[in-house]
Amino acid sequence: SYVEAPVSKQELSLIGQKVKGLRVMGMLEGGMTPLLTPDEAKALGFHILTYPLSGIYAATRALKQAYATLLQQGSSRDIQGSISSFQEFNALMGVEERIAAEERLTRREGGKLVVRVRGPSKPL
């Protein structure tokens, strides 16, 4: 069960006691619901916490700082220690695995790229 935007620990406790089933609480920084730890939420009767915007908020601040540096200094040279490297980013995105899959599933025939797909295909 999910109750939208309880505003106090007292409300959360009441929800935890009265609402049946799996109880889910959304942790939204700057929202109306108090930010709790998993142990605090469990003590109030909740089973799952979600953090739907935490990563986006963190990424937004990082983007603002990186672009401010580029605007002010004209280079990213001085922030290399605080940003992902090319290698880290490629590993996170699985670039090597995708290249291997492309090589495994495609071939060139007479200047055309042919992709092997599973299952029957229909002409367009």
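In which helix does Thr 69 lie? Thr 69 belongs to helix H3, residues 54–73, where helices (H or I, at least four residues) and strands (E, at least two) are DSSP runs numbered from the N terminus. The model is a predicted one, in which local features need pLDDT of at least 70 and side-chain atom pairs count only at pLDDT 80 or more, while totals for chains, interfaces and linings use all residues. Residues are numbered from 1 along each chain as its sequence is written, and side-chain values use heavy atoms, with hydrogens and water left out.

Thr 69 has a relative accessibility of 13% and therefore counts as buried; the term buried means under 20% relative accessible area, exposed means over 50%, and partly exposed lies in between, for a 1.4 Å probe and protein chains only. Once its neighbours within four places in sequence are left aside, Thr 69 is in contact with Gly 74, Ser 75 and Ile 79, contact being defined as heavy atoms within 4.5 Å. In the loop between H3 and helix H4 (86–93) one finds Ser 82, which counts as exposed because its relative accessibility is 60%. Ser 82 and Ala 66 are separated by 16 residues in sequence, and their C-alpha atoms are 9.2 Å apart in space.

Toward the start of the chain, Ala 5 sits in the segment before H1 and, at 22% relative accessibility, counts as partly exposed. Its phi is near 55°, a positive value in a residue other than glycine. As background, most residues other than glycine have a negative phi.

Helix H1 itself spans residues 9–18, and within this helix Leu 12, Ser 13, Ile 15 and Gly 16 are buried. These residues lie on the same side of H1 because they cover an arc of only 160° around the axis, the arc being that of the directions from the helix axis to the C-beta atoms. Gln 10, Gln 17 and Lys 18, on the other side of H1, are exposed. The partner against which the buried residues of H1 pack is strand S1 (24–26).

Two of these helix residues, Leu 12 and Ile 15, also belong to the largest nonpolar core, which has nine residues and further includes Met 25, Met 27, Leu 36, Ala 41, Leu 44, Phe 46 and Leu 49. Such a core is a set of buried Ala, Val, Leu, Ile, Met, Phe, Trp, Tyr and Cys residues joined through side-chain atoms within 4.5 Å. Leu 36, when residues up to four places away in sequence are not counted, touches Lys 9, Leu 12, Met 25, Met 27, Ala 41, Leu 44, Leu 49 and Tyr 51.

Turning to charged pairs, the count comes to two salt bridges, each requiring a side-chain nitrogen of Lys or Arg within 4 Å of a carboxyl oxygen of Asp or Glu. One of them joins the side chains of Arg 77 and Asp 78 at 3.9 Å, N to O, and both of these residues are exposed. The other links Arg 107 with Glu 109, whose closest N and O atoms are 2.6 Å apart; Arg 107 is partly exposed, with a relative accessible area of 45%, and Glu 109 is likewise partly exposed, with 40%.

On the surface, Leu 105, Leu 113, Val 115 and Val 117 form a nonpolar patch with about 340 Å² of accessible area together. Within that patch, Leu 113 is found in strand S4, residues 112–115, and counts as partly exposed at 47% relative accessibility. Patches are made of residues with over 30% relative accessible area and no salt bridge, like charges being joined within 9 Å and nonpolar side chains (Val, Leu, Ile, Met, Phe, Trp, Tyr) within 5 Å, and the areas come from the Shrake-Rupley method with a 1.4 Å probe, only the protein chains shown counting as cover for residues.
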